[in-house]
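Me: I would like to go through this structure with you, one topic at a time. Could we settle the vocabulary before the details?

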Amino acid sequence: MSEVSHYRILLIDDSKSFISGIKSLLSGHPFEVIGITSPKEALNTLETINPDIVITDLDMPSINGFELIRQIREKVHKKYYPIMVLSTRMENLVDISNSVDCGADAFSSKDNIRTSLVPQIKALIRLKQLHETAIKGKQLEAVQALIGTYKHEFGNSLAILLGMFRKLIKYNPSLKEDPSVASIQEALSRIDTTLKKLSKLREYKETDYSEKTKILKVG
Amino acid sequence: MPFKIFYLDDEYALLDIFKDIFTNPNVEVITFQNYSELLKTLNNEKPDLLFLDNFMPNTSGPEIAKKIDPDIPKILLTGDLDYVKDDVFVASFEKPLNIDKIENLIQQFALKKYS
């Protein structure tokens, strides 16, 4: 894990002083800590904050840690956020078990955070990165399969269009003077070029086409 | 004796276009829309070059090429060159075809034949 990058941690704890304690503990590390005292607010802003990992306390008023984790796992599907439970109750094995059942990935006792917090955070960030790499790989595989199918289907149709067009002009040379003929030919070669580029796609970037549509950046 | 080319493709329109490319009376193009037609003709006559489509119903260009007389030079026409690495072919071309390149290749083989 590179120490140069900054990773964002969302910390949910009803104690303001605990949040500032963690902030100063992590101040020498490449972590940006965003502390929120209300689990409800955390739920509402999680995707906007888009942290690399989430750390939560268990004992909190209104929504407790278990419920918070459960709701994150139920409602947030676009991304996977590794969650660590940080509690004074960790000596209680039932709590560990419940946390896992609710969807937590790691646990730590508040008593030994000085030694264990940073390595645990690093492990969770690695988990998140692995998860993202796997997703990207799967997506690329799917995109490539889709392109392969299209390319085969469109390739033949395009070959027919271009070939027939050439034939048409060959036997009707006067068509060459018609500007619409040139436009059709240009459009066909554009499709051809795009298909060729698509087939060479080995990684992809999305780019916003409109508010609702994303398109692939090709070549 | 003209330079004889066989071409197998399941797309009739592509066969039609291909035939039309060669106006030279010294080049004879015979096209086939399925493998069994090609086999029947191969029993009686041999082409100087055999062009094969890649993807065809239930079979493929490489699969067919391996079953045919190794002395006949074979050329693959495919939608995507990246996915074909097969030394059973003397050359392969991407569709839509670059006609100049194909004419060049035919010329090379014709020169060899008549020299």
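Reply: Certainly. A residue is called buried when its relative accessible area is under 20%, exposed when it is over 50%, and partly exposed in between. Please keep in mind that this is a predicted model.

Me: Good. Which residues of helix 2 of chain B are buried, then?

Reply: Helix 2 of chain B spans residues 35-44, and its buried residues are B:Leu38, B:Thr41 and B:Leu42. They lie on the same side of helix 2 of chain B, because they cover an arc of only 105° around the axis.

Me: Why would residues three or four places apart in an α-helix point the same way?

Reply: An α-helix has 3.6 residues a turn, so residues at that spacing point the same way.

Me: And what do the buried residues of helix 2 of chain B pack against?

Reply: They pack against three strands of chain B: strand 1 (3-8), strand 2 (27-32) and strand 3 (49-53).

Me: Which exposed residues does the face turned away from the buried side carry?

Reply: That face of helix 2 of chain B carries B:Lys40, B:Asn43 and B:Asn44.

Me: Stepping back, how many helices and strands does chain B have?

Reply: Chain B has 4 helices and 7 strands. Read from the N terminus, the order of its elements is β-α-β-α-β-β-β-α-β-β-α.

Me: What share of chain B is buried?

Reply: Chain B has 115 residues, and 54% of them count as buried. As for its contacts with a separation of 6 or more, 56% are between residues 24 or more positions apart.

Me: Now the interface. How many residues does each chain put in?

Reply: Chain A contributes 18 residues and chain B contributes 16 residues. The area buried between the two chains is about 1,600 Å², with carbon and sulfur atoms giving 54% of that area. On the side of chain A, the residues that lose the most area to chain B are A:Asn156, A:Ile160 and A:Lys167, together 27% of what that side buries.

Me: What about salt bridges and polar contacts across it?

Reply: There are 2 salt bridges between chain A and chain B. One of them joins B:Asp20 to A:Lys170, with the closest N and O atoms 3.1 Å apart. Polar contacts across the interface come to 4 residue pairs, both residues being at pLDDT 80 or more.

Me: Which elements of chain A give two or more residues to that side?

Reply: They are helix 5 (113-171) and helix 6 (179-199) of chain A. Helix 5 of chain A supplies the largest share, 13 residues. By class, the side of chain A that touches chain B has 6 nonpolar, 4 polar and 8 charged residues.

Me: Moving on to the whole structure: how many salt bridges over all chains?

Reply: The search finds 15. In one of them the side chains of A:Arg8 and A:Glu32 meet, at 3.1 Å from N to O. A:Arg8 belongs to strand 1 (residues 7-12) and A:Glu32 to strand 2 (residues 31-36) of chain A, so this pair ties together parts that are 24 residues apart in sequence.

Me: Are those two buried or exposed?

Reply: Neither label applies. A:Arg8 is partly exposed at 29% relative accessibility, and A:Glu32 is partly exposed at 33%.

Me: Which residues are linked in a network of salt bridges?

Reply: A:Asp13, A:Asp57 and A:Lys110 are linked in such a network. Within it, the side chains of A:Asp13 and A:Lys110 meet at 2.8 Å, N to O. This pair links distant parts of the chain, 97 residues apart: A:Asp13 is in the loop between strand 1 and helix 1 (16-25) of chain A, and A:Lys110 is in the loop between strand 5 and helix 5 of chain A.

Me: How accessible are A:Asp13 and A:Lys110?

Reply: A:Asp13 counts as buried because its relative accessibility is 1%. A:Lys110 is buried too, with a relative accessible area of 17%.

Me: How far apart in helix 5 of chain A are A:Lys138 and A:Glu141?

Reply: They are 3 residues apart, so about one helical turn separates them. Their side chains meet in a salt bridge at 3.9 Å, N to O, and both A:Lys138 and A:Glu141 are exposed.

Me: Last one: where is A:Ser109?

Reply: A:Ser109 is in strand 5 (residues 106-109) of chain A. It counts as buried, at 15% relative accessibility. A polar atom of the A:Ser109 side chain lies 3.0 Å from the backbone nitrogen of A:Asp111.

Terms used. Residues numbered from 1 in each chain as written. Chains lettered and ligands numbered in written order. Predicted model: local features only at pLDDT ≥ 70, side-chain atom pairs only at ≥ 80, totals over all residues. Heavy atoms only, no water. Contact = heavy atoms within 4.5 Å. Buried area = accessible area lost by both parts, 1.4 Å probe. Salt bridge = Lys/Arg side-chain N within 4 Å of Asp/Glu carboxyl O. Polar contact = N/O pair within 3.5 Å; in protein donor to acceptor, adjacent residues only side chain to side chain. Nonpolar A, V, L, I, M, F, W, Y, C, P; charged D, E, K, R; others polar. Buried < 20%, exposed > 50% of the residue type's maximum accessible area, 1.4 Å probe, protein only. Arc of directions from axis to C-beta.
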